[in-house]
Amino acid sequence: MSKNVPVYTAFDQSMYFKVAERFQSEGLHYKVKRVNQGSWAPGSHLSSNDFNGSTFYEFFVKRGEEHMAYHALSNL
């Protein structure tokens, strides 16, 4: 059974893109859960307003690949 585990939470646009780029360059398969603490309508598109402090992004990788994710994050 392959379960995804959280490895990082990005609270701003800069870190979101740095982490996503690093995981991609390391060949890590990841998922991101967008958590919005403000008002957001289902079906709306991602915009720069999503990075205004009320939205954060949780990065998940497959169980067993956490060490690779943490290694990639340590080099940011």
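Here's a quick briefing on the fold, the helix pair and two residues worth a look. Keep in mind that this is a predicted model. The protein has 2 helices and 3 strands, and from the N terminus on they come in the order β-α-β-β-α.

**The overall picture**

- Of the 76 residues in the protein, 25% count as buried.
- The accessible surface adds up to about 5200 Å², and carbon and sulfur atoms account for 51% of that.
- Take the contacts between residues at least 6 apart in sequence: 72% of them join residues at least 24 apart.

**How the two helices meet**

- Two packed helices are described by the angle between their axes and the distance between the axes.
- Here the pair is H1, covering residues 13-25, and H2, covering residues 66-74. Their axes come within 10 Å and cross at roughly 125 degrees.
- That angle makes H1 oblique to H2, because it falls outside the 65 to 115 degrees that count as roughly perpendicular and is not over 145, where roughly antiparallel begins.
- As for handedness, H1 and H2 make a right-handed crossing.
- On the H1 side, the contact uses Val 19, Arg 22 and Phe 23. Across from them, H2 brings Ala 69, Ala 72 and Leu 73.
- Sort the residues of this H1–H2 contact by type and you get 5 nonpolar, 1 charged and no polar.

**Asn 36, in a strand**

- Asn 36 sits in strand S2, which spans residues 30-36.
- Is Asn 36 buried or exposed? Neither, quite: its relative accessibility is 23%, so Asn 36 counts as partly exposed. The cut-off for buried is under 20%.
- Setting aside neighbours within four places in sequence, Asn 36 is in contact with Ser 54 and Thr 55.
- Asn 36 and Ser 54 are 18 residues apart in sequence, yet their C-alpha atoms are 6.0 Å apart in space.

**Asp 12, in a loop**

- Look for Asp 12 in the loop that runs between strand S1 (4-10) and H1.
- Asp 12 has 35% relative accessibility, so it counts as partly exposed.
- Which distance separates Asp 12 and Phe 56 in space, C-alpha to C-alpha? The answer is 7.1 Å, for two residues that are 44 apart in sequence.

Definitions and conventions: Residues numbered from 1 in each chain as written. Predicted model: local features only at pLDDT ≥ 70, side-chain atom pairs only at ≥ 80, totals over all residues. Heavy atoms only, no water. Axes fitted to C-alpha atoms, helices over the stretch in contact; angles between N-to-C directions. Helix = DSSP H or I, 4+ residues; strand = E, 2+ residues; numbered from the N terminus. Parallel < 35°, antiparallel > 145°, perpendicular 65-115°, else oblique. Left-handed = near helix turned anticlockwise from the far one by under 90°. Contact = heavy atoms within 4.5 Å. Nonpolar A, V, L, I, M, F, W, Y, C, P; charged D, E, K, R; others polar. Buried < 20%, exposed > 50% of the residue type's maximum accessible area, 1.4 Å probe, protein only. Areas by Shrake-Rupley, 256 points an atom, 1.4 Å probe, with all protein chains shown as cover.
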